[in-house]
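Biologist: Thanks for sitting down with me over this one. Shall we walk through the fold together, question by question?

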Amino acid sequence: MSLTITNKSIDGVEVVQLNGAVLFGEDSNMLRTQVRALLEQCKKVVLDMRAVPRIDSSGLGTLIALYASAKRCGTEIKLANLGIHPREVLQITRLVTVFEVFDSTDAAVASFKTAKAAP
């Protein structure tokens with residue numbers, strides 16, 4: 001199953017909905033290219049991974065590269081709706097300690113407001 005990506009803006013946050021596995025090759029490159037374009041504009045980004053059944057090491061490398069790009073711009077990438085396999089992979093690699101992970105897209109989007117309101 002090939003990865004498809006759609007974007008929508010909610011309260012100034014770009015929600016990137018992923019549908020399909022994030023694997024080595026064209027899919028990871030497409031994800032990196034599309035999200036980096038948002039980060040070049042210093043957009044806040046939530047990756048909605050509800051429909052991502054699998055992620056491999058290349059997909060993890062893409063997430064890490066996007067995380068670094070976001071930090072350089074002074075913004076963040078947050079993850080939402082992780083399925084069983086992506087959640088397990090992020091736990092095994094301890095990347096759940098790097099990314100903020102939310103059970104819903106709404107909670108991830110709202111967290112940007114909460115972070116902004118904190119002193």
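Modeller: Gladly! Before we start on the sheet, one term: two strands pair if DSSP finds at least two bridges between them. Please also keep in mind that this is a predicted model.

Biologist: With that in hand, in which sense do strands S3 and S4 pair, parallel or antiparallel?

Modeller: Pairing takes at least two bridges. Strand S3 (residues 44–51) and strand S4 (residues 77–80) have four bridges. One bridge partner of theirs to look at is Ile77 in S4, which sits opposite Val45. The sense in which S3 and S4 pair is parallel.

Biologist: Which strands stand at the edges of the sheet?

Modeller: The sheet is open, with five strands in the order S1-S2-S3-S4-S5 and mixed pairing. An edge strand has a single partner strand, so one of its sides is left without a neighbour in the sheet. That description fits S1 (4–10) and S5 (100–102).

Biologist: And which strands does helix H1 touch as it packs on the sheet?

Modeller: Helix H1 covers residues 26–39, and its direction makes about 20° with that of S1. Packed on the sheet, H1 touches S1, S2, S3 and S4.

Biologist: Nice. Which residues have the most contacts inside the largest nonpolar core?

Modeller: That core has 25 residues, and S2, H1, S3, helix H2 (57–73), S4 and helix H3 (84–92) each supply at least two of them. Take Val35: leaving aside its neighbours within four places in sequence, Val35 is in contact with Val16, Val45, Leu47, Leu66 and Ile77. The residues with the most contacts inside the core are Leu18, Val35, Leu47 and Ile77.

Biologist: Is there another core apart from that one, and how many residues does it have?

Modeller: Another core does lie apart from it, and Val13, Val15, Val46 and Val109 are among its residues. Its count is eight residues.

Biologist: On to the cysteines: is the disulfide of Cys42 and Cys73 left-handed or right-handed, and why?

Modeller: The sulfur atoms of Cys42 and Cys73 are 1.8 Å apart, and the two form a disulfide. Cys42 lies in the loop between H1 and S3 and Cys73 in helix H2, so the pair ties together parts 31 residues apart in sequence. Because the torsion about the S-S bond is about -140°, the disulfide is left-handed.

Biologist: Last one: is Asn19 buried, partly exposed or exposed?

Modeller: Asn19 is placed in strand S2 (residues 13–19). Its relative accessible area is 32%, and buried would need under 20%, exposed over 50%. Asn19 is therefore partly exposed.

Key. Residues are numbered from 1 along each chain as its sequence is written. This is a predicted model: local features need pLDDT of at least 70, side-chain atom pairs count only at pLDDT 80 or more; totals for chains, interfaces and linings use all residues. Side-chain values use heavy atoms; hydrogens and water are left out. Helices (H or I, at least four residues) and strands (E, at least two) are DSSP runs, numbered from the N terminus. Buried means under 20% relative accessible area, exposed over 50%, partly exposed in between (1.4 Å probe, protein chains only). Contact means heavy atoms within 4.5 Å. Axes are lines fitted to C-alpha atoms, for helices over the stretch in contact, and angles run from 0 to 180 degrees between N-to-C directions. A nonpolar core is a set of buried Ala, Val, Leu, Ile, Met, Phe, Trp, Tyr and Cys residues joined through side-chain atoms within 4.5 Å. A disulfide is a pair of cysteine sulfur atoms within 2.5 Å.
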